[in-house]
Amino acid sequence: MLGELLTPQNRLDPYPWYAQWREKAPAVRAGGPLVAVLGHAEAEQVLRGTQFGHPEPEVVDGGDPDLPVDAQGRVVRAFAFLNPPDHTRLRRLVAKAFTPRVIETLQPRIEALATEAIDRILDGGEVDFMETLAAPLPVTVIAELLGVPAGDRERFGAWSAAMARASDPGFLLPPGVAEQAATARREFIAYFRDLAAERRRAPGEDLLSALVAVTDQGQVLSEGELLVTLTLLLVAGHETTTNLLGNGVLALLRNPGQYAALTGDGALAEAAVEEILRYDSPVQLTMRTATAGTTLGDVRLAAGDQALVFIGAANRDPRVHQAPDTFDITRPPERHLAFGHGIHFCLGAPLARLEGRTVLRELARRAPGLQLAGDPEWAATVTLRGLSSLPVTAA
């Protein structure tokens, strides 16, 4: 079943494949302990977190000296891949530094970056929207937020891209991708170990300095917890927003009436972001492990069975969304799962939404004649759905 995801047609457009399987059942056994979850209610059940979680961190024997381990020799994981109470403690610590006020202060900088990129689009001729705006803007925002010096940001983006390419389940990864991602992770962690040490000596106004100093009832982030949190913030704060912007502009330009509606009313940018997230989710897959025997639809799971949640399929479930395959930025607000659900709801969702609506509003205001200038190319990953190129022109 899952091998079908890798066919050229399904890489371009997985939604007919999702619909085919969802119509058979909202949850289906995909072989061995793996269950594919395609229905919205079933996906919510998994993501809610009461019956499903993550495997406990593994103990490494010797391990990689460049990767953090705790006092028990367990690999240190970011809070997004932990269960309570560890998840609760770490997320609360990070949230104390990554506050709504911090995000709100980024609005002027995001507008300036969007304006600079749109100027280049308006200069005339064909440009690659991904290269010009969708990729550099989010990585610049997250790099500046963390206090990464400007001269290091090219490496920063390369590390993010390498780690994102390895986001698919292991059985879907091409040869060599996991090794490249491991190298990028080691280099990233080594870099931030040194930068964090600098911030301890001389704190700045950046998020890294805040994370180094954050406390909650006497608790602090260990060095390993800090480093894996930074890795999470990089990939989650860069790749997913890049995909949101690219997938969104493609959907708008393939549906000219929708782009015309946006150019006629820039206030629709907020609703447009939510419809993009529902219609062509930047994150398509996520995995959870059953913590006890339970049922999804008609499928019985034992403790230890794995649920592979197809977020893109759940977000087009006709039991929840009317005309789900229609892209409509004027539809009433509907709940979607693009940022997850329950205790693991994406901590960076406000920043992604801010970047998305700012870019779409500025594009609609300044480039109402934006058009596709050729066929887009999709990136190779399945978990993170996004474009590697999107040729446009501001004719």
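Helices here are DSSP runs of H or I at least four residues long, numbered from the N terminus. With that in hand, let's walk through this structure, which is a predicted model. The predictor's confidence averages a pLDDT of 90 over the protein chain, and 97% of the residues score at least 70. Confidence is highest in helix 14 (residues 269–279), at 98, and lowest in strand 5 (residues 215–216), where the mean is 76.

A good place to begin is helix 2, which covers residues 15–24 and holds both Tyr 15 and Tyr 18. These two tyrosines are three residues apart, about one turn of the helix. Their rings form an edge-to-face pair, with 5.5 Å from centre to centre and 85 degrees between the planes. Are they buried or exposed? Both Tyr 15 and Tyr 18 are buried. For Tyr 18, the relative accessibility is 1%, and buried means under 20%, so this residue easily makes the cut.

Tyr 18 has a second ring partner, Phe 310. The centres of these two rings are 5.6 Å apart and the planes meet at 70 degrees; since anything over 60 counts as edge-to-face, this pair is edge-to-face too. Phe 310 is itself buried, with a relative accessible area of 0%. What does this pair tie together? Tyr 18 belongs to helix 2 while Phe 310 sits in strand 10 (residues 306–310), so the pair joins parts that are 292 residues apart in sequence.

Now let's widen the view. Ring pairs link Tyr 15, Tyr 18 and Phe 310 with Trp 17 and Trp 21 into a cluster. Trp 21 also has a charged neighbour: Lys 24 lies over the face of its ring, 4.1 Å from the centre. A similar arrangement turns up at Trp 378, where the charged end of Arg 385 sits over the ring, 3.7 Å from its centre. In the whole structure, a search finds 13 aromatic pairs.

Next, the nonpolar cores. In soluble globular proteins, nonpolar side chains tend to be buried together. The largest nonpolar core here has 109 residues, and Phe 129, Phe 156 and Phe 192 touch the most other members. Helix 12 (residues 223–254) supplies the largest share of this core, 15 residues. Leaving aside residues up to four places away in sequence, Phe 129 touches several residues, including Ile 121, Ala 134, Leu 245, Val 249, Leu 363 and Val 392. Apart from this core lies another, of 14 residues, and there we meet our two tyrosines again: Tyr 15 and Tyr 18 are among its members, as are Ala 25 and Ala 313.

Definitions and conventions: Residues are numbered from 1 along each chain as its sequence is written. This is a predicted model: local features need pLDDT of at least 70, side-chain atom pairs count only at pLDDT 80 or more; totals for chains, interfaces and linings use all residues. Side-chain values use heavy atoms; hydrogens and water are left out. A nonpolar core is a set of buried Ala, Val, Leu, Ile, Met, Phe, Trp, Tyr and Cys residues joined through side-chain atoms within 4.5 Å. Buried means under 20% relative accessible area, exposed over 50%, partly exposed in between (1.4 Å probe, protein chains only). Contact means heavy atoms within 4.5 Å. Rings of Phe, Tyr and Trp (its six-membered ring) pair if their centres lie within 6.5 Å; planes under 30 degrees apart count as stacked, over 60 as edge-to-face and the rest as tilted. A charge sits over a ring if NZ of Lys or CZ of Arg is within 6 Å of the ring centre and within 35 degrees of the ring normal. pLDDT is the predictor's confidence in each residue, from 0 to 100.
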